Amino acid sequence: MWPEIIRLSKEGGLDVIETYVFWNNHEPERGQYYFEGRFDLVKFVKTVQEAGLLVHLRIGPYACAEWNYGGFPMWLHFLPGIQFRTNNAIFKNEMKRFLAKVVNLMKEERLFASQGGPIILAQVENEYGNVESSYGQPGELYVQWAAKTAVSLNTTVPWVMCAQGDAPDPIINTCNGFYCDQFTPNSPSKPKMWTENYSGWFLSFGYPIPYRPVEDLAFSVARFFEYGGTFQNYYMYFGGTNFGRTAGGPLVATSYDYDAPIDEYGFIRQPKWGHLRDLHKAIKLCEEYLISSDPTLEKLGRNLEAHVYYKSSNSCAAFLANFDSISDARVTFKGNEYFLPAWSVSILPDCKNVVFNTAKVPESTSTHEVSLATSDWSWYQEYVGIWGTNSFTKSGLLEQINTTKDTSDFLWYSTRYVNQAVILEKLSNRNKW
C-alpha cells in the first residue's frame with residue numbers, strides 16, 4: 001500500500017512524510033533485529049524518496065500510548081533494575097544501542113539528506129515534557145542525556161523533541177496540539193515547528209467516532225504559517241489500522257483512521273483532502289515571501305488582524321484573519337475591502353488577491369468506486385478457558401505481564417461460589433436426623 005498512500009499524500013500537497021520507528025517490532029528479542037515486511041524501514045524511506053518527498057524519522061524510541069507498550073519491547077521489562085524513560089543506566093544503555101542501530105542503518109543506506117537521501121529531520125523521545133515533572137530531577141537529567149546522545153550519533157540533520165519545552169541546544173523543541181500558532185520555541189535561534197496537528201483523534205471503545213471539521217483544521221494551519229511557522233505535520237494524514245495486537249491503551253480500537261485526509265482504507269476523504277490540497281497550494285504561492293522576512297502584524301479590528309511578509313517595500317504576501325468564532329466581518333487592507341467569515345484566514349500571495357479562505361469549502365464531487373476481488377475468507381476460533389500446550393493452572397492471582405510476557409491478552413480466572421447458609425441448613429437438618 002505504501003506507494004499509493006505516498007502518491008496520494010504528494011498529490012495532496014505534502015512535502016515530508018513523518019513516521020515513528022517501533023522498537024518492539026524492530027527488536028522483538030534483545031539483539032535480534034527485524035526490518036522486514038511492513039517493518040522494512042529502509043524500503044519505506046526509499047519509497048518516499050522515489051516519490052520525490054522528504055522524511056522526518058521519529059526514532060523515539062518511545063512512540064505513544066496508542067501503540068502496544070508504548071513501542072517498548074517486552075524483553076526490556078524483564079531486565080533487572082530497569083526503570084523506563086528516566087536517568088537509569090540500564091535503560092539508557094539499551095535505548096542508546098537501539099538509536100545507534102537505526103541511525104547507522106540509515107547511514108549505511110545513505111538516506112540522510114547530507115548523503116543525498118530524503119531524511120531531513122530526526123526525533124528523539126516523544127512528548128516526554130508531558131510527564132517529565134513526575135520523574136523529578138532524574139527526568140531532567142534524562143532529557144539532557146537523550147539530547148547529548150542523539151547529537152553524538154552525528155546524523156548530520158537536526159534533531160527535534162516534541163512537546164519538550166526544556167529541550168537543550170541544539171535540539172529543536174516543537175509543538176503538538178490542535179493549534180500551535182502561538183507556540184514559541186525555547187530559543188530565538190530555533191525554527192517554529194509543529195510535529196503533530198491533530199486531524200481528528202484516535203478511536204476508543206465506547207466513545208463516539210472522532211471528527212474534526214476541515215474548516216477548523218485548515219484555519220489552524222493557515223494561522224500557524226501566518227505567525228511565522230516553518231514546518232507543520234498532520235497527525236494523522238493517513239492513520240491506517242492497528243493490526244494484530246499492536247493497539248495500546250487507553251481502550252484504543254484497531255482502527256487508527258483519525259478522521260485523516262486519507263482514510264483507514266487508503267482512499268481520500270473529501271472534502272478534507274481536497275480543501276487541504278488547495279490550502280497547501282495557496283501557502284506555497286507565498287513561499288518566497290515566507291522565507292524573506294518575519295511577519296509584520298497589522299490590527300484590522302476586534303479579533304481581526306493581518307500578518308504581512310515583505311520581500312521589498314512594495315512586494316508582499318499577506319494572511320488576513322478573523323479569529324472570532326461567531327461573527328463574520330468586513331475589513332479594509334491596503335485600500336481594498338475583504339469579507340472574512342468567522343474563524344477563517346484568507347491568503348493573499350500578492351497582498352491583493354485572495355486565492356484561498358479556510359472557511360470556504362467547495363462542494364466535493366469526488367467519488368470512489370471500490371472493487372473488491374473475490375477471495376477465500378478464513379476465520380479463527382479462540383477457545384475460552386485452558387487450551388494449548390503452554391497453558392497451565394495455578395491457584396491465586398497472577399500479574400498479567402510477568403505471566404503472559406505479552407504473548408496473549410488473556411489470563412483466565414475461574415472461581416466457585418458456595419452458599420454458606422445452605423450448607424449450615426443441611427448440616428442442621430442432618431443433626432436432627
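This report describes the strands, helices and selected residues of a predicted model.

## Two annotated regions

Two regions of the chain carry a domain name in UniProt, in both cases from an unreviewed entry. The record places the feature "domain: Glycoside hydrolase 35 catalytic" (unreviewed entry) at residues 1-282. Over residues 1-282, helix makes up 33% of the chain and strand 14%, and the C-alpha atoms at the two ends are 29 Å apart. For residues 305-361, UniProt lists "domain: Beta-galactosidase beta-sandwich" (unreviewed entry). The span 305-361 is 0% helix and 58% strand, with its end C-alpha atoms 22 Å apart.

## The parallel sheet

Strands 1 to 7 are described here. They form an open sheet of 7 strands in the order 1-2-3-4-5-6-7, with parallel pairing. Strand 1 and strand 7 stand at the edges, and each has a single partner strand, so one side of each lacks a neighbour in the sheet. On average, neighbouring strands of this sheet are turned by 25° against each other, direction ignored.

One edge is strand 1, residues 16-20. In strand 1, 5 of the 5 residues are buried, so the strand is largely enclosed by the rest of the structure. In a regular strand, side chains alternate between the two faces of the sheet. In strand 1, Val16, Glu18 and Tyr20 point one way, while Ile17 and Thr19 point the other way, and all are buried. Strand 1 runs parallel to strand 2 (residues 54-60), and 5 bridges join the two. Within this pairing, valine 16 stands opposite leucine 54 in strand 2.

Strand 7 (residues 231-235), at the other edge, is mostly covered, with 5 of its 5 residues buried. Phe231, Asn233 and Tyr235 lie on one side of strand 7 and Gln232 and Tyr234 on the other, and both faces are covered. The partner of strand 7 is strand 6 (residues 193-198), and the two pair in the parallel sense over 4 bridges. Asparagine 197 has tyrosine 234 of strand 7 as its bridge partner. Between these strands, the chain passes from strand 6 through helix 8 (residues 214-226) to strand 7, in a right-handed β-α-β crossover.

Strand 6 also pairs with strand 5 (residues 172-177), to which 3 bridges join it in the parallel sense. Here glycine 177 stands opposite asparagine 197 in strand 6. Asparagine 197 therefore appears in two pairings: opposite glycine 177 and as the bridge partner of tyrosine 234.

## The antiparallel sheet

A second group of strands is paired in the antiparallel sense. It is an open sheet of 5 strands in the order 8-9-10-13-14. Strand 8 (296-301) and strand 14 (356-357) are the edge strands, each pairing on one side only. Inside the sheet, strand 9 (residues 304-312) and strand 10 (residues 315-322) run antiparallel and are joined by 8 bridges. Tyrosine 309 stands opposite alanine 317 in strand 10.

The table lists strand pairs from both sheets.

| Strand pair | Direction | Bridges |
|---|---|---|
| Strand 1 and strand 2 | parallel | 5 bridges |
| Strand 5 and strand 6 | parallel | 3 bridges |
| Strand 6 and strand 7 | parallel | 4 bridges |
| Strand 9 and strand 10 | antiparallel | 8 bridges |

## Helix packing

Two packed helices are described by the angle between their axes and the distance between the axes. The axes of helix 1 (residues 2-11) and helix 3 (residues 41-50) come within 10 Å and cross at roughly 40°. This angle makes helix 1 oblique to helix 3. The crossing of helix 1 and helix 3 is right-handed.

For helix 5 (residues 89-108) and helix 7 (residues 137-152), the axes come within 11 Å and cross at roughly 25°. Helix 5 is therefore roughly parallel to helix 7. Helix 5 also passes helix 7 in a right-handed crossing.

## Two individual residues

Valine 143 lies in helix 7. At 2% relative accessibility, valine 143 counts as buried, because buried means under 20% relative accessible area. Valine 143 and proline 213 are 70 residues apart in sequence and 36 Å apart in space, C-alpha to C-alpha.

Aspartate 166 is found in the loop between strand 4 (159-162) and strand 5. With a relative accessible area of 33%, aspartate 166 is partly exposed. Aspartate 166 and proline 73 are 93 residues apart in sequence, and their C-alpha atoms are 27 Å apart in space.

Definitions and conventions
Residues numbered from 1 in each chain as written. Predicted model: local features only at pLDDT ≥ 70, side-chain atom pairs only at ≥ 80, totals over all residues. Heavy atoms only, no water. UniProt positions renumbered as here; feature names shortened; annotations may be inferred. Buried < 20%, exposed > 50% of the residue type's maximum accessible area, 1.4 Å probe, protein only. Pairing = 2+ DSSP bridges. Right-handed = clockwise from strand over helix to strand, strands pointing away. Axes fitted to C-alpha atoms, helices over the stretch in contact; angles between N-to-C directions. Parallel < 35°, antiparallel > 145°, perpendicular 65-115°, else oblique. Left-handed = near helix turned anticlockwise from the far one by under 90°.
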